[in-house]
Amino acid sequence: MQKGRGGFDANQLVDGERIQKVLARGGVGSRREIERWIDEGRLKINGKPVGLGDRLKAGDHLLINDRVVHWEKFVEQPTRVLLYHKPVGEVVTRRDPEGRPVVFTQLPKLAISRWIAVGRLDINTSGLLLVTNNGELANRLMHPSTQVEREYAVRILGEVSETTLAKLKQGVELEDGKAKFDDIIFFGGEGANKWYNVIVAEGRNRLVRRLWESQELIVSRLMRVRYGPVVLPERLKTNSFYELTDKELELLFEFAGMAGEKPVHITKPEVKAHKSGKR
C-alpha cells in the first residue's frame with residue numbers, strides 16, 4: 001500500500017504503530033516529550049496505562065491526562081512546512097499576556113493538529129521562521145545534537161575591529177557558557193552602520209545579540225535569513241508565508257535524517273500574504 005507524507009502505511013492500523021510516532025506526526029509533541037508523558041503515567045489505551053513499547057491499533061481508545069485524543073486523524077495528516085517572514089513586534093507564542101501580536105494568528109488554520117515553531121525569534125528580530133505540523137520533524141531540526149546552522153543578517157552601529165571579529169569567531173564567555181560565530185561575512189554599509197552575515201549552529205536565547213553586545217557593540221537590526229537548508233525568499237514580504245513543495249519537503253526530510261518519510265503528491269507553491277491591515 002502506498003505511503004503518504006510522513007511515511008505512514010495504512011496497514012499499520014492493523015499491525016499497530018508506536019504511540020510516540022503517531023502523536024509526534026500529529027504535532028501533539030516530540031517523541032521525547034511523549035515518552036516522558038508515558039513514564040509519568042499520563043497516557044492510557046483502552047483504560048490501561050501505556051508502556052513505552054505499546055502500539056496504537058485500529059479501534060484503540062486513547063486518553064492523555066484523561067482527555068480523549070482522536071488519534072486516527074493523524075493517520076491521514078500530511079506533513080506541511082511553512083516559511084513565515086516574521087516582522088519586528090510579533091512574538092513566537094500562542095498567547096501573549098501583554099496583548100502583543102503573535103505569529104500563530106497570522107498562519108492558516110489547521111483542521112487537525114497545530115503549527116509548531118522550529119526555534120524562536122525574539123520580538124525585536126525579524127526574518128525566517130519555520131513552522132510545521134510534524135512534531136518529529138520540528139524536534140529533529142531543533143535538537144542540539146543536530147547543530148543546524150542559522151544565518152542572520154545583522155546591522156551593527158559603530159566600527160568593528162579585526163581583533164573583535166577574531167574574538168567572536170574564536171569564542172567568548174557568556175553567562176550561560178562559551179559561544180561563537182562559525183562565520184562572519186562583511187556585507188558593507190555606510191556611515192556608522194555596517195552589515196554582517198553571521199552563522200551560528202545553536203539556538204540559545206538571543207545568542208546573536210548577546211555575542212555582539214559582549215564586545216560593547218550595538219545591534220540596530222537583526223534578521224534571520226536561513227535555517228539549515230531553508231533560505232528566506234527575497235520576494236517573501238513580512239507577514240507573508242510560503243509553503244514548501246513536495247520536492248522541497250523531501251529534501252528537508254533527508255536533511256533531518258528522516259529520508260523514509262517522503263511525500264507522494266505535488267503541492268503547488270504559492271506566496272500568501274496575511275490580510276490583517278496591521279502593516
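This section describes the secondary structure, salt bridges and nonpolar cores of a predicted model.

The chain comprises seven helices and 18 strands. Of its 279 residues, 48% are buried. Among contacts with a separation of 6 or more, 65% join residues 24 or more positions apart.

One open sheet consists of four strands in the order S3-S2-S5-S6, and its pairing is antiparallel. Strand S3 (48-49) and strand S6 (67-69) form the edges, each pairing on one side only. In general, the strands of a sheet pair through backbone hydrogen bonds, in either a parallel or an antiparallel sense. Two bridges join strand S2 (residues 43-45) to S3 in the antiparallel sense; within S3, Pro49 is the bridge partner of Lys44.

Lys44 also takes part in a salt bridge with Asp66, in which the closest N and O atoms are 3.8 Å apart. This pair links distant parts of the chain, with Lys44 in strand S2 and Asp66 in the loop between strand S5 (62-64) and S6, 22 residues apart. Lys44 has a relative accessible area of 30% and is therefore partly exposed, whereas Asp66, at 60% relative accessibility, counts as exposed.

Helix H4 (residues 135-142) contains the buried residues Gly135, Glu136, Leu137, Ala138 and Leu141. The N-terminal end of H4 is capped by Asn134, with a side-chain oxygen of Asn134 lying 3.1 Å from the backbone nitrogen of Glu136.

In total, 19 salt bridges were counted in the model. One of these joins the side chains of Arg226 and Glu149, with an N to O distance of 2.9 Å. Arg226 lies in strand S15 (residues 218-227) and Glu149 in the loop between H4 and strand S10 (150-157), so this pair ties together parts that are 77 residues apart in sequence. The two partners differ in burial: because the relative accessibility of Arg226 is 15%, under the 20% limit, Arg226 counts as buried. Glu149, at 35%, counts as partly exposed.

A further salt bridge is formed by the side chains of Asp176 and Arg210, at 3.0 Å from N to O. Here too, distant parts of the chain are linked: Asp176 is situated in the loop between strand S11 (172-174) and strand S12 (177-179), and Arg210 in helix H6 (residues 207-213), 34 residues apart. Asp176 counts as partly exposed at 39% relative accessibility, while Arg210 is buried, with a relative accessible area of 11%. Both residues belong to a network of salt bridges that also links Glu175, Glu202 and Arg204.

Arg150, in strand S10, presents another case. Arg150 is buried yet has no salt bridge, and the nearest side chain of opposite charge, that of Glu202, is 7.9 Å away. The side chain of Arg150 is instead joined to that of Tyr227 by a polar contact of 3.2 Å. Neighbours within four places in sequence aside, the contacts of Arg150 are with Met142, Val198, Ile199, Val200, Ala201, Glu202, Gly203, Arg224, Arg226 and Tyr227. Arg226, the buried partner of Glu149 described above, is thus one of the residues in contact with Arg150.

Nonpolar side chains tend to be buried together in soluble globular proteins. In the present model, the largest nonpolar core has 34 residues, and those with the most contacts inside it are Phe181, Tyr196, Val198 and Trp212. At least two residues of this core are supplied by each of strand S7 (81-86), strand S9 (126-132), S10, helix H5 (162-170), S11, strand S14 (193-200), H6 and S15. H6 provides the largest share, with four residues. Apart from this core lies another, of 24 residues, which includes Leu128, Leu137, Met223 and Tyr242. Leu137 is also one of the buried residues of helix H4.

The surroundings of Val198 include both nonpolar and charged residues. Not counting residues up to four places away in sequence, Val198 touches Arg150, Glu151, Tyr152, Val154, Phe181, Asp183, Ile184, Val208 and Trp212. Among these, Phe181 and Trp212 are, with Val198, residues that have the most contacts inside the largest core.

Terms used: Residues are numbered from 1 along each chain as its sequence is written. This is a predicted model: local features need pLDDT of at least 70, side-chain atom pairs count only at pLDDT 80 or more; totals for chains, interfaces and linings use all residues. Side-chain values use heavy atoms; hydrogens and water are left out. Buried means under 20% relative accessible area, exposed over 50%, partly exposed in between (1.4 Å probe, protein chains only). A polar contact is a pair of N or O atoms within 3.5 Å; within protein, one must be able to donate a hydrogen and the other to accept it, and residues adjacent in sequence count only if both atoms are side-chain atoms. Two strands pair if DSSP finds at least two bridges between them. A salt bridge is a side-chain nitrogen of Lys or Arg within 4 Å of a carboxyl oxygen of Asp or Glu. A nonpolar core is a set of buried Ala, Val, Leu, Ile, Met, Phe, Trp, Tyr and Cys residues joined through side-chain atoms within 4.5 Å. Contact means heavy atoms within 4.5 Å.
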